Amino acid sequence: MTTRVGRRPRSSLAGLVVALVAAAGCVVGGVSEPEGQQPAPQRPDTPASPGAAQTRADGTTSVEEFQQDVADAKTIAERYWAAQFQASGERFRPIRRVIPYQRAGEVSCGGQALPRNNAVYCSAGDFIAYDVNWSVGAFRQVGDAFVFYLLGHEYAHGIQARLGIRYSYTIQQELQADCMAGAYLGDSVRSKALRLDDGDLEEFREGLLAVGDAPDQPWFAEGAHGTAEQRTESFFRGYERSLGACDLT
Ligand SMILES: [Zn+2]
């Protein structure tokens, strides 16, 4: 993945994916919760930070590179959504902060301690928070494209909050966020804000495969995100057809 804001060309080996569990409940703090109800605790069902054994061998896996990719993804998402809002005559407020954390409970959202192995958008504080060790593990395992997807997905939850979009089922909220993440990436590639390297599309597929719900997860379950197939379909629908395919109106 190469960005205008970052300058490093990146080679992309296909990463080996073991069970990454992304964002078991990745909107917290009000967006998907009824008024007055405490958000359900998040349930990463498999602790899954990949170990060093899975580190990709192309030398592009340092924490510094990861942090640069997070910063680049945030910049691109901000510019993208600012342009979308401006085109609709709306004022855009960027998400307030992106907060890395290392320990369970180090960051709270609306009184709820965030667990390890997760990434969330917190509407109560209007911030994105992610377990840095888990995220770096995923970055090493899947590749840099995963970082752009993950940030884009959480950013999309912030956009849903701004637009007042609240579906009855988390799966609808989550699949729409995947579509919006696809749109921000596809449109950014088309506008040349972002250039994909060989293998990046495959990295998106691998990342989405890794973050799909278990096959026995009921679609209506609290916290359901969608199967790997559903998430992949939503992401690439947005990626190929832009926001018009994401049911934002
Ligand atoms: Zn989500």
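This passage describes strand E7 and a cavity that it helps to line.

The structure is a predicted model, in which local features need pLDDT of at least 70 and side-chain atom pairs count only at pLDDT 80 or more, while totals for chains, interfaces and linings use all residues. Residues are numbered from 1 along each chain as its sequence is written, and side-chain values use heavy atoms, without hydrogens and water.

Strands (E, at least two residues) and helices (H or I, at least four) are DSSP runs numbered from the N terminus. Strand E7 spans residues 127-131 and is largely enclosed by the rest of the structure, because five of its five residues are buried (under 20% relative accessible area, 1.4 Å probe, protein chains only). Phe127, Ala129 and Asp131 point one way from E7, and Ile128 and Tyr130 the other way. In a regular strand, side chains alternate between the two faces of the sheet.

Strands pair if DSSP finds at least two bridges between them. Strand E3 (residues 97-101) runs parallel to E7, with five bridges, whereas E6 (residues 119-122) runs antiparallel, with four. Tyrosine 130 of E7 is the bridge partner of proline 100 and also of alanine 119.

The second largest cavity (a set of points on a 1 Å grid over the protein atoms alone where a 1.4 Å probe fits but cannot get out) is lined by residues including Ala119, Ile128 and Tyr130; lining residues have an atom within 4 Å of a point. Helix H1 (63-87), E7 and helix H3 (144-163) each supply at least two lining residues, and H3 gives the most, with four.

Definitions and conventions
Buried means under 20% relative accessible area, exposed over 50%, partly exposed in between (1.4 Å probe, protein chains only). On a 1 Å grid over the protein atoms alone, a cavity is a set of points where a 1.4 Å probe fits but cannot get out, and a pocket is an open set with protein on both sides within 12 Å along at least five of seven lines; lining residues have an atom within 4 Å of a point.
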